[in-house]
Amino acid sequence: MLKKCTWISMLLAVALVTVAAQAETIYENGDFEDDAALVPNPGDTAAVIPTGWQYSDYYGYGVEPVLMNVSAIGDGSGGIVGVKFPSWNGEAGWDSCITRFEQPVEPGQYTYTVTLTGVDLIGGDNWISLDLYWADNPADPWADDHYDFLTGTDWVELTAADDGVWQTRAMDFEILPGDPAVGTYFAPWVHGQNYDGNMIVGEASLTRVPEPATIWLLVASVLALCLYRRK
């Protein structure tokens with residue numbers, strides 16, 4: 001009968017798993033909390049967009065989203081700081097977009113996650129679209145043949161019944177070696193279209209998830225440690 005692993009071996013194995021798991025996170029591109037000082041109180045807004053993001057005037061309407069302290073909305077699961085998108089009947093805004101560029105794109109398994117809700121919505125026709133692209137030139141990102149989808153478009157419609165209810169949208173995708181995206185920039189694209197009230201985004205983050213091969217390697221490491229301690 002094989003002897004059990006010693007506590008030292010088990011603790012070492014747990015440490016290895018923890019370090020490896022942390023190494024799989026590439027970056028989180030915003031729960032926007034770094035800008036909390038600009039909107040310190042619930043409901044506060046500031047006429048700026050989140051650090052690291054930029055307004056895209058691709059559609060030409062010229063009304064920018066703004067920072068908002070969203071902590072008092074719903075159950076608070078949207079975090080402290082979010083982004084409020086303008087509405088047609090409120091701020092004369094339509095097709096308002098934010099984007100950012102993050103490098104490098106590397107092969108791997110990824111998850112793109114966005115949390116969102118709305119406030120003072122009336123009826124339907126309140127939409128937000130979530131996309132993740134790669135782009136090879138942030139100075140002119142949407143030039144022909146210089147960008148493409150990493151995920152499909154996730155169009156989300158919110159109605160008055162969704163007011164203040166946070167929901168999470170998650171998109172999984174894989175980038176293979178040799179993919180045209182490798183070496184370019186991650187380019188998330190968050191785009192609001194609503195008539196009344198406001199669409200609110202509370203988080204938009206991109207992480208690399210552990211691949212099955214990595215997990216099996218960690219299991220093998222644990223077994224090897226156990227067998228070594230048996231000798």
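This is a short talk about the fold of one protein chain, from its overall layout to a few chosen residues.

Hi everyone. Please keep in mind that what you see is a predicted model.

Let's begin with the whole chain. How many helices and strands are there? The chain has two helices and 12 strands. If you walk along the sequence, the pattern reads α-β-β-β-β-β-β-β-β-β-β-β-β-α, with a helix, then the strands, then a helix again.

Now some totals. The chain has 231 residues, and 43% of them are buried. Its accessible surface is about 12000 Å², with 55% of that belonging to carbon and sulfur atoms. Here is another number to think about: take the contacts between residues at least 6 apart in sequence, and 79% of them join residues at least 24 apart.

Next, a sheet. Six strands form an open sheet in the order E1-E3-E4-E12-E6-E10, and the pairing is antiparallel. Which strands stand at the edges? Those are strand E1 (45-46) and strand E10 (167-175); each has a single partner strand, so one side of each is left without a neighbour in the sheet.

Let's zoom in on one pair from that order. Strand E3, residues 66-69, pairs with strand E4, residues 81-85, in the antiparallel sense over four bridges. If you want to find one of the partnerships on your screen, look for Leu67, whose bridge partner in E4 is Val83.

Now for a single residue, Thr111. You will find Thr111 in strand E6, which covers residues 108-119. Is Thr111 buried or exposed? Its relative accessibility is 13%, and buried means under 20%, so Thr111 counts as buried. What does its side chain touch? There is a polar contact between the side chains of Thr111 and Asp172, at 2.7 Å. Setting aside neighbours within four places in sequence, the residues in contact with Thr111 are Ala170, Met171, Asp172, Ser205, Leu206, Thr207 and Val209. Asp172 falls within the residue range of edge strand E10, while Ser205, Leu206 and Thr207 fall within that of strand E12 (198-208).

Finally, let's go to the surface. Tyr58, Tyr59, Tyr61, Trp88 and Tyr195 together make a nonpolar patch of about 540 Å². Take Tyr195 as one of its members: this residue lies in the loop between strand E11 (185-194) and strand E12 (198-208). With a relative accessible area of 35%, Tyr195 is partly exposed.

That's my tour. Thanks for listening!

Methods: Residues are numbered from 1 along each chain as its sequence is written. This is a predicted model: local features need pLDDT of at least 70, side-chain atom pairs count only at pLDDT 80 or more; totals for chains, interfaces and linings use all residues. Side-chain values use heavy atoms; hydrogens and water are left out. Buried means under 20% relative accessible area, exposed over 50%, partly exposed in between (1.4 Å probe, protein chains only). Contact means heavy atoms within 4.5 Å. Accessible areas come from the Shrake-Rupley method with a 1.4 Å probe; for residues, only the protein chains shown count as cover. Two strands pair if DSSP finds at least two bridges between them. A polar contact is a pair of N or O atoms within 3.5 Å; within protein, one must be able to donate a hydrogen and the other to accept it, and residues adjacent in sequence count only if both atoms are side-chain atoms. Patches are made of residues with over 30% relative accessible area and no salt bridge: like charges are joined within 9 Å, nonpolar side chains (Val, Leu, Ile, Met, Phe, Trp, Tyr) within 5 Å. A salt bridge is a side-chain nitrogen of Lys or Arg within 4 Å of a carboxyl oxygen of Asp or Glu.
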